[in-house]
Amino acid sequence: MIDLLWSIFDISLVLLVLFLAWATCSTQDMMRAVTLFIALGLILAIIWARLKAPDLALAEAVIGAGISGALLLSAIKDYPSTTTEMPSRRSSLVEWIINGMTLGLVIIMSWAVWHGLYMSDGVRLSEQVMSHLPVSGVSNPVTAVLLNFRAYDTLLELAVVLTAVLTVLNLNHKRADVSAASALLLGMTRWLVPLLVVTSGYLLWVGAHAPGGAFQAGAMLAAAMILLQLSNPSSLQGFNLSVLRSLLVIGIFVFVLVGIWMMSLNQDFLAFNPAWAGSLILIIEFAATLSIATALTLAYLGGRPMGWESANPADSATKPNGKPS
Amino acid sequence: MIEIIALLAIFCGLFFFLSGSIGLLRLPDIFSRLHALAKADNVGLALVTLGIIMLEPDLFNDIKLVIIWLLVMAASAISSHLVARHALRENRDND
């Protein structure tokens, strides 16, 4: 009986996510498309939770639905003319080619998943992860993969985030602040932002042994900053820009520094000593959380804040790469 | 016995969610729709939370559930207020 109920629930989730994906792509109204996309993100988060992947569920809810939704909504506000009209229709030949390629991709991926799950008897990656978990320094397998076994990939992910934000900073100035918010929203912000900061710290800390980690914590911190920006823009204006620059790159800086330190101990780049791995991962994650939060907040602001060009880059000692021109 | 009460609370909560959703779809203007939604968020979620707390023996999880309910209540009240204020201003501008 319970199994049957779960099956009904799962099938409705699958149908709902397919319908939302279709509705998001096919709607003519951009505003409606973004709203549907946020709903799609929330349903995806529930599906990840049902697949027993709470780390992904958290990331999807906070980044996929929350931060992306805020980014898309502010993008619509920048270009109000696109809210009613669709971009010009593509020719039917191009449409057929795109549809064909998408279908091909779906078939190849379905085959890959099916083949990987049912056809081959090779060593399962999850088994390898579980067998090496004791030397990883953490007990959460997801964090072990992200920050230890596959730390190089995560370093590159941080670099991708940084590159994207540098592009945003180069393209535009920060968009104009919204007018003063209602007193009720201000009041809620006043006690919600500290709560979000604490939750972010909790997610960072708990990542060692339970779902959580730098990306979720960073996105949560960015959500707090976005809430501040929306309700009380003046509270962010006094932020020291040199500190902001340092925060933006401190994640990659600390990551590379730890990697090189490990090399100096006659090991490979980012090959952590099992005895210290837990502490090293926590240090890297702490720095990465700050950088991710700064990057997402700057992306939401939509460009460089006032005075970004004139701030002296020599002030920040922890800035390893060149000043964005 | 406690399970039956818990289930009863959860199903009552679901009824509020259902009527809230129907109200959202059927009611004529934005203010009455907000009114319908708020009932689902506050009473519906309260009853569902109450039901789950009865079934969940761990006190720590119970506290977390109550915090979630309080957060949703606050967020729903504030966002309803913001939507209503925006709608009121648009009405005033159109008149």
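Helix axes here are lines fitted to C-alpha atoms, taken for helices over the stretch in contact, and the angles between N-to-C directions run from 0 to 180 degrees. The model is predicted.

Start with two helices of chain A. Helix α8(A) spans residues 183-206, and helix α12(A) spans residues 277-301. Their axes come within 10 Å and cross at roughly 150°. Angles over 145 degrees count as roughly antiparallel. α8(A) and α12(A) are therefore roughly antiparallel to each other. The crossing of α8(A) past α12(A) is right-handed.

Now look at the residues that meet. From α8(A) come Ser200(A), Leu204(A) and Trp205(A). From α12(A) come Leu282(A), Glu285(A), Phe286(A) and Thr289(A). By class, this contact has 4 nonpolar, 2 polar and 1 charged residues.

Next, the nonpolar cores. The largest one has 55 residues. Those with the most contacts inside it are Leu158(A), Leu248(A), Phe255(A), Phe272(A), Ile284(A) and Leu298(A). Several helices of chain A give two or more residues to this core: α3 (54-78), α6 (141-149), α7 (151-171), α8, α9 (214-231), α11 (241-264) and α12. Both helices of the crossing are thus on that list. α12(A) gives the most, with 12 residues.

Take Leu248(A) as a close-up. Leaving aside residues up to four places away in sequence, Leu248(A) touches Leu162(A), Val165(A) and Leu169(A). Leu248(A) also touches Ser291(A), Thr294(A), Ala295(A) and Leu298(A).

Apart from the largest core lies another, of 8 residues. Among them are Ala23(A), Leu36(A), Leu40(A) and Ile43(A).

Technical notes: Residues are numbered from 1 along each chain as its sequence is written. Chains are lettered from A and ligands numbered from 1 in the order in which they are written. This is a predicted model: local features need pLDDT of at least 70, side-chain atom pairs count only at pLDDT 80 or more; totals for chains, interfaces and linings use all residues. Side-chain values use heavy atoms; hydrogens and water are left out. Helices (H or I, at least four residues) and strands (E, at least two) are DSSP runs, numbered from the N terminus. Angles under 35 degrees count as roughly parallel, over 145 as roughly antiparallel, 65 to 115 as roughly perpendicular and the rest as oblique. A crossing is left-handed if the near helix is turned anticlockwise from the far one by less than a right angle, and right-handed if clockwise. Contact means heavy atoms within 4.5 Å. Ala, Val, Leu, Ile, Met, Phe, Trp, Tyr, Cys and Pro count as nonpolar, Asp, Glu, Lys and Arg as charged, and the others, Gly among them, as polar. A nonpolar core is a set of buried Ala, Val, Leu, Ile, Met, Phe, Trp, Tyr and Cys residues joined through side-chain atoms within 4.5 Å. Buried means under 20% relative accessible area, exposed over 50%, partly exposed in between (1.4 Å probe, protein chains only).
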